Structures are given as C-alpha cells and as structure tokens.
Amino acid sequence: MPERTVLDASDIRRAVRRMSHEILESAKGVDDLVILGIPTRGVYLARRIAASIGEIEGREVPCGSLDITLYRDDLRLREVRALEPTSIPADGIDGRVVVLVDDVLYSGRTIRAALDALADVGRPAAVRLAALVDRGHRELPIRPDFIGKNLPTSQSETVRVHLAEIDDEDSVTIRQVDQ
Amino acid sequence: MIGRHLLSAADLTCEDAIGILDTAGELATVTDRSVKKLPTLRGRTVVTLFFEDSTRTRISFELAAKRLSADVINFAAKGSSVSKGESLKDTALTLEAMGADAVIIRHGASGAPYRLANAGWIHGSVINAGDGTHEHPTQALLDAYTLRHHLRAGQGDLAGARVAIVGDILHSRVARSNVALLRTLGAHVTVVAPPTLLPYGVQSWPCEVSYDIDDVLPHLDAVMMLRVQAERMAGSYFPNELEYSRRYGLDSRRMALMPHDAIVLHPGPMNRGVEISAEVADSPRAVVVEQVTNGVHVRMAVLYLLLGGRSEELLTEGADR
C-alpha cells in the first residue's frame, strides 16, 4: 500500500492550537508551566505549542528540549545513536508543571526514558504528556494527557510526522512496511 | 560511529572526530547539573589496565566510565600479577574471562594496544590511553575539544587554526596524536623543538618544523607546551634545564609575542619554571584546568560511542525490537 496522508498542514495547525488550549485549561494558566520537547520533532512541536500558548495568553511560556538517548532501554539492541541537544529553561523544572511533547506516541518506551531523564534534571510538581499522534500498541502503562489525533494502526505500519522546520512540509503520513 | 576500538588518532576521519567532539559537547551540558550520573552503560564493565604510572588519565577515564554508570576495575601493573612476570596475553585472557566490555590500556611499548585489540585475546573494545612514544588519542581529542571551544565556539572543525606544539616532540605521544588529529580537523600545525628532541623523519609529518619559538609565536591561535619528560631522557638532549627554559620555555615575555587572544595548552603535569613559567601557567590564557574537565567529557563520549550501541554477542544472537 502506498503512503497515505492522515493529517495535512491545516489539520496539524488546528491540532496544535487545540492542544495548546487544553494544556492551558488543565494548567489553569501559564504560571509554573514548562514545555519540553523530545528530539527531534517533539522539539519543534513544543516550540509551536509554546508560541501558540504565548499568543493566547499574551505571555511567554518557558520551552526547551530533553534528549533521552542516554536513558533508552534499547541502546544495546541498535547501532550507537548520536546525541541531540538538551536545553532546560534557565529557571529549571523544580516545582513546575512539565509538559513533555513528542511527535508519535507508540510503545511508551521513549516517555519512560524521558521520565528518568527528567528525574535527573529536577523534581517537577507534575508531568503531563502531549503527542501529536497516538498510534496505540503501548508496551508500558503510560497514557497521554493531550493528543492531536488518535490513529489506529497495525504494527506493520509506520507513521511519520513531517514538520516544515526540518522537512519540506507539515504532514502526518502512514505507510505499510514490506516485511 | 567510530568502530570498535580507539587505538590511534590517525585512524579517525574528520567526520568521526567531529562526531566525538559534538557528543562530548552534549555530554558536557548533561553533566553540568547536580545529578551527574547517566544510566547509559549500566551493567558494562570497563577495565583500566595501566602498565605505566598515570594519575590524571586514569582517574579521568574512571570518572568518565562511572558517570555513565559502568563498573570500573582498576588494574595497575605495579603490585599485580604483572610484577610477578605475567605476560600481556595472560593478563588479557584473565580480563576476558572476567567479562570486560572495554579495556583502557596504557603501556610503555608502542603498539601494545594494537596487539591487545587484534590478537584475538579479548572481545571487548580497546582504548589506547598512551602507548610508548606512539599515540595518546584521547589527549588529542580533549585538546581539539578545548581548541574548538575557544577558537570556533564549539562548532565544526578547526580549519585554518594555527597551532604550535613546543617541546619534547621526540618522546611525545601527545604530539604525535595531536599532529595527526589537528591536521585531520584542518588546522595548520607547527612543531617546535631543539633538533635533538625532534624524531627522525619528522619532515614527513603533516606539519611544519621550527627550531625557533620566538619566530612562531606571533602567528598562532594557540600554543601547546609539552612536558620535558625526565623519565625518558636516558641521553642528554640538551645541556641543562635552565638553557632549555631560556630557549624554549614559555614565560610572560614570550606570551606577549602571541596575538592577545591566543591560548596556552599543556597536557600536564607541568614542570613550572622549565617549559612553562608559573606566571603563564596561572594566567587566564592558560586553559590547563579546562583541559582536565574537557578530558572527562571527551572520554565519556568515546566510551559512549564504543560501548553505547549493539555489542557483538547480541548481533549474533539476533536482537528483536
């Protein structure tokens, strides 16, 4: 089966805006809010969400990135991976509400690693999870708080998020992988 | 990214070297916080096998391995089975039987790490921490990291940087590794020494050669002063320390010849008053202490890149997801 587009640029824009509103609603404002993206595409999504929240509230919300490579549980199963930048906002995350942002939520193992990484950075008051796509097939007891789109998939499919910042366009595609 | 072993700086491509330096840069930001430990190499065993005395290199590797949660065993030749006459091979087989994932070796004989890596005695990674007068690749990497931080804002290569290495080039594995690596990264290197302390064949090295330090200093971005290695000086290479210091030592008069933003490196331990004056060693332009800190990050990067991925046994077992 060829590649199929499940979200186009305007779908992504609306999803990001809705998630921003939901984050604001659940956090009751931007005080103590910190948005952290998981590289690579989570970081760009985090920036978009932070910008969108800034637009809605008229105040900037701290935004950074959290590389989880060194905390992965599958390091020994693959070739060594290059590290991505980690940048934590200057005021830190202690006592704040951290919203982790990733592009696709799948097994949940990335989020497990991110929670370990966060624990070494500080002690947030709460950690929430936002993902643009939830494709199911969780292997760990992890659930998202804010979701752009629920996308039922089979494990033989791959879901790719393209973002204009590093890809040519904004889209989410799904494709059957030949075994 | 860089294969299984790190035996020689000359083996690294420009891309490999930049990959190691970039990884070290990311690790530096991660370890710049209260919880410095990372779980990355949990369950891996790293052995430091030192046949020669060393304090800073060994503890730097030990700290790097511990920051990545590896188990570290320190094997010093003095007071071990080696002083009872055990061969390198038998020592290696013993470490293999104990399940070492990496062996960091310093040895007085040039080529000992190569032998250890290629003789089929052990399956783990071998990291050269200095072999005879051959190479000391992690020192060159930490020097390159320090240079890149000051001269290129921590990005890319060192194309066009002008660096001089001054002192005992003949006995220095640091000089050999640095000439190779800095050249690979695009820097322009000059070695400066009295003719007696230059090795045979230095003309074929990818660098310039000079006997006159005052001539070279005004055109530099950085100068690297090497220690006068008394323990390797069986012959008389120069009349006395005072004369060496006058002709080749870096004092504040000579430092004033350099461009005002040029920096001074030294691999340590320093002989204050011989190759470097106390005034220069304590000046803000000397980055010696920074080099030590960077050494830990660079060695963490090397350990991560060699041990952080898939291991041989798992390759053959056929790993699933």
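Helices and strands here are DSSP runs, numbered from the N terminus, with at least four residues for a helix and at least two for a strand. With that in hand, welcome to a few close-ups of this predicted model.

**View 1. Lys37(B) sits in the loop between helix 1 and strand 1 of chain B.** Strand 1, at the far end of this loop, covers 45–50. Is Lys37(B) buried or exposed? A residue counts as exposed if 12 or fewer other C-beta atoms lie within 10 Å of its own. Lys37(B) has 12 such atoms within 10 Å, so Lys37(B) is exposed. Which residues does Lys37(B) touch, leaving aside its neighbours within four places in sequence? Look for Arg67(B) and Ser69(B), which are both in contact with Lys37(B). Leu68(B) is worth finding too: 31 residues separate Lys37(B) from Leu68(B) in sequence, yet their C-alpha atoms are 6.1 Å apart in space.

**View 2. Helix 1 and helix 5 of chain B cross at roughly 70 degrees.** Helix 1 spans residues 14–30 and helix 5 spans residues 137–151, and their axes come within 10 Å. Angles of 65 to 115 degrees count as roughly perpendicular, and this pair of helices is therefore described that way. On the helix 1 side, the contact is made by Ala17(B), Ile20(B), Leu21(B) and Ala24(B). Helix 5 answers with Leu141(B), Ala144(B), Tyr145(B) and Arg148(B). Sorted by type, the contact residues comprise seven nonpolar, one charged and no polar.

**View 3. Four strands of chain B form an open sheet with parallel pairing.** Reading across the sheet, the strand order is 2-1-3-4. Strand 2 (71–76) and strand 4 (125–131) each have a single partner strand, so one side of each is left without a neighbour in the sheet. From one strand to the next, the twist averages 15 degrees. Now step inside the sheet, where strand 1 runs parallel to strand 3 (residues 102–107) and five bridges join the two. A handy landmark for this pair is Val47(B), which stands opposite Val103(B) in strand 3.

**View 4. In chain A, strand 8 pairs in the antiparallel sense with strand 1 and with strand 7.** Strand 8 covers residues 171–176, and three bridges link it to strand 1 (residues 4–7). Six bridges link strand 8 to strand 7 (residues 157–162). Which residue of strand 8 should you find to follow the pairing? Try Val172(A): Leu7(A) stands opposite Val172(A), and Val172(A) is also the bridge partner of Val161(A).

Conventions:
Residues numbered from 1 in each chain as written. Chains lettered and ligands numbered in written order. Predicted model: local features only at pLDDT ≥ 70, side-chain atom pairs only at ≥ 80, totals over all residues. Axes fitted to C-alpha atoms, helices over the stretch in contact; angles between N-to-C directions. Parallel < 35°, antiparallel > 145°, perpendicular 65-115°, else oblique. Contact = placed C-beta atoms within 7 Å. Nonpolar A, V, L, I, M, F, W, Y, C, P; charged D, E, K, R; others polar. Buried ≥ 20, exposed ≤ 12 C-beta atoms within 10 Å, placed from the backbone. Pairing = 2+ DSSP bridges.
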